Amino acid sequence: MQKAVIRHSKGLHARVAAMVVQKSHELQEKYGATLYFQIRSHEPVLANSLIPIVALRVKVGDEISVSGKGPMASTAVAEMVEFLESDFLISDSETISKVDNVLQNNAFTAELVFNSMANGLVVTDENDIITVFNPSAEKIMAIKADKAIGKNVCEVIPHTRLHIVSKTMVPELGSRQVIEKAVIITNRTPLVVDGQSKGAVAIFEDISSLENVTGELREVKELKERLHLILESVQDGICVVDKKGIITYVNPAYTRITQTPAAKLIGRNIAHISPLGARSKALLTGKPVLGSISRKANGQTIVANVNPIVIDNEVAGVVSVVKNMSEVQAIVDKLNEVTARAEYLEQELRRAKKPSLAFNKFVGRSGIVLDALAIAAKAAEGHSTVLIRGESGTGKELVAEGIHFASPRARGPFIRVNCAAIPTSLLESELFGHEKGAFTGAVKRKLGSFELADKGTIFLDEIGDLEKSVQAKLLRVLQKKEFQRVGGEGTISVDVRIIAATNRDLEKMVAGDEFREDLYYRLNIIPIVLPPLWQRKEDIPLLVEHFLRSICAEQNKKLRGIKPDALEVLIKYRWPGNVRELANIMERMITLAEGPYIGIDDLPIYLRQELYAAVEEPGAFVSSDTVLPWEAYERIIIENSLRKYGTFNRAAKALGLTHKTVATKARKYGLEKMTTWEKV
Ligand SMILES: Nc1ncnc2c1ncn2[C@@H]1O[C@H](COP(=O)(O)OP(=O)(O)OP(=O)(O)O)[C@@H](O)[C@H]1O
């Protein structure tokens, strides 16, 4: 090793360094020796490489140690020392061109490095003119290099700070910048040579994808937080186990249900706690274990659903969701109770709707009434249209109601329309409804009776009073079970059982062309005829008793009964207004009666006058010009004897009948509990 002191005024600057490198190549070729330079405490550098030599920043007067390796190293070292201490004046053109090559090659190398950098690189000189603008900078900034190099950096890059860094000579590291959609992070460094600013360099990187990842990470964190909140607030207990069987999470509900604090669960291995349990099984098999019931140490019975967590076809753990069976049991018990109650009520409802009971409101035991009710009960079982005929007040509506409540439609509506009471102009919209604005005054849509009666029964009372135009519409409903609202376009179909009633002679009306024949046949599928009251006089005492009881109850009166003579007048009367008239008279008498019994004086005068002859003759209970059905007489005889003798036994003796016969007949006529045969 030998030392050389540099005498060249600029030290080993680029050109001189290039000469030294060129010399080193020459000596290596000549002597086969490799040379090294070392200055101060720096590591030795190869004398063949330009940049490391320039980087040593050797100045005039500096001392360089030159060493060498190879067979003739010392000769080579001596020659190099001599060269280093020379004034580097070269005159031969061949050497100059070789030196230029060294310089050129190094410039190329630098450019290659810049071009292949993934980072953006921008270099400015001391006048803020861009001297380097590499391809990555082009890509990141979307500016072509030829539009940048040679221009002032402030014109090319908006918001640049390179000119500031160059001026202040203070580096700015890690500054974040948003350019277009890209996020960029930049290091700006001044280029300082001998304490003088020679410009600045910016190295930057597009971190958009990194930012995206950061954003995704934030979202994942939020999601995690949300899931955590959900898990913490659900009522089901949740326990998470990792693939090794270690409990990693339990929610508060789990600790509540198992009555074990989280600290005693987390970190423990289910292989120790419950090696044969549902969690262990699911972890082992990778299959769900559902509805597993277990009894915990605290006596609680728990039902668990355990599902494996499968990631990339591998079981990464299990999640167990548990419920306290006692809570579930309480709900099941409640449900059973409610179901049982509903079943009971349903049965009761069915019982209440038995045909016989549905017609209970209809009082009467006369054969003709019982016949009519038998048909009604049979009709109730089906869906056919029923036509109830009978004089006014014979109980047509009552029978219609009975049919509805005895039918499978009993739960549906029973809608009554009195065809005679509604003006024809309104009847159509009453029956079929109308659309909003269909005619004057129709401010909103109205549902018609047919729609209201859907799944139930419609009772068309006084059908004989329908105008022919409405008859035609009704026929269509009967035929097709569908209709249109007044002013409406669409067809509405309904499921309705139709019961019609009239006191008019429809056959005569058909003959006189007042009633459509086709409608008549459509309606008259199951005819039920209710006889007028005068044809079933034996029902009168029953009805009297019935109204006495019901009206007294309504008016809170305590009448004990009706005197026989008064009852006889009622039986005798012809009742053009039928049961309705009887009900009205009873109401009037009960309201006005002063004594405990209704007597002959309580009857309306027109009834008394009509029956004067009959009541004058003691013992006679009917006038000689009237003939009643046999049962009516029988009823009166039984009643009279019971009233006179007070017991079945004594009455039977007087009548020459057995006790059993009298009792049976008394029951038949509803006399066994009647107040009317109490001793007056
Ligand atoms: N057999 C009966 N038993 C008890 N009440 C009856 C009986 N028949 C009729 N009524 C009562 O008489 C009144 C008239 O009966 P309902 O309205 O059913 O007769 P209707 O034949 O439909 O009469 P209309 O033809 O005038 O409409 C009602 O209050 C009804 O409760």
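I count a residue as buried if 20 or more other C-beta atoms lie within 10 Å of its own, as exposed if 12 or fewer do, and as partly exposed in between, with C-beta atoms placed from the backbone. The model is predicted, and I accept local features at pLDDT of at least 70 and side-chain atom pairs at pLDDT 80 or more, whereas totals for chains, interfaces and linings use all residues. Residues are numbered from 1 along each chain as its sequence is written.

**Entry 1: positive phi**

I note as background that most residues other than glycine have a negative phi. I looked up Ala142, which is not a glycine yet has a positive phi of about 55°. Ala142 sits in the loop joining α5 (135-141) and α6 (153-156); helices here are DSSP runs (H or I, at least four residues), numbered from the N terminus. Ala142 counts as exposed because it has 10 C-beta neighbours inside 10 Å. I then turned to His159, where phi is also positive, at about 60°. His159 belongs to the loop between α6 and α7 (162-168). Is His159 buried or exposed? It is exposed, with 8 other C-beta atoms within 10 Å.

**Entry 2: the ligand shell**

I took a residue as near the ligand if its C-beta atom, placed from the backbone, lies within 6 Å of it. There are 17 residues around the ligand, and Ser392, Gly395, Lys396, Glu397 and Val579 come nearest. The elements giving two or more residues to this shell are α15 (396-406) and α23 (578-592). I find that domain 4 (355-531) and domain 5 (534-677) each supply at least three residues to the shell; the bounds come from an automatic or database domain assignment. By class, I record six nonpolar residues, seven polar and four charged. Here Ala, Val, Leu, Ile, Met, Phe, Trp, Tyr, Cys and Pro are nonpolar, Asp, Glu, Lys and Arg are charged, and the others, Gly among them, are polar.

**Entry 3: helix packing**

I looked up helix α21 (residues 539-555) and helix α22 (residues 564-572), which pack at about 120° with their axes 9 Å apart. Axes are lines fitted to C-alpha atoms, for helices over the stretch in contact, and angles run from 0 to 180 degrees between N-to-C directions. Helix α26 (residues 630-645) packs on helix α27 (residues 648-655) at an angle of about 120°, the axes being 8 Å apart.

**Entry 4: Ala666**

I located Ala666 in helix α28 (residues 659-668). Ala666 counts as buried because it has 21 C-beta neighbours inside 10 Å. Its C-alpha atom is separated by 6.7 Å from that of Ile638, 28 residues away along the chain.
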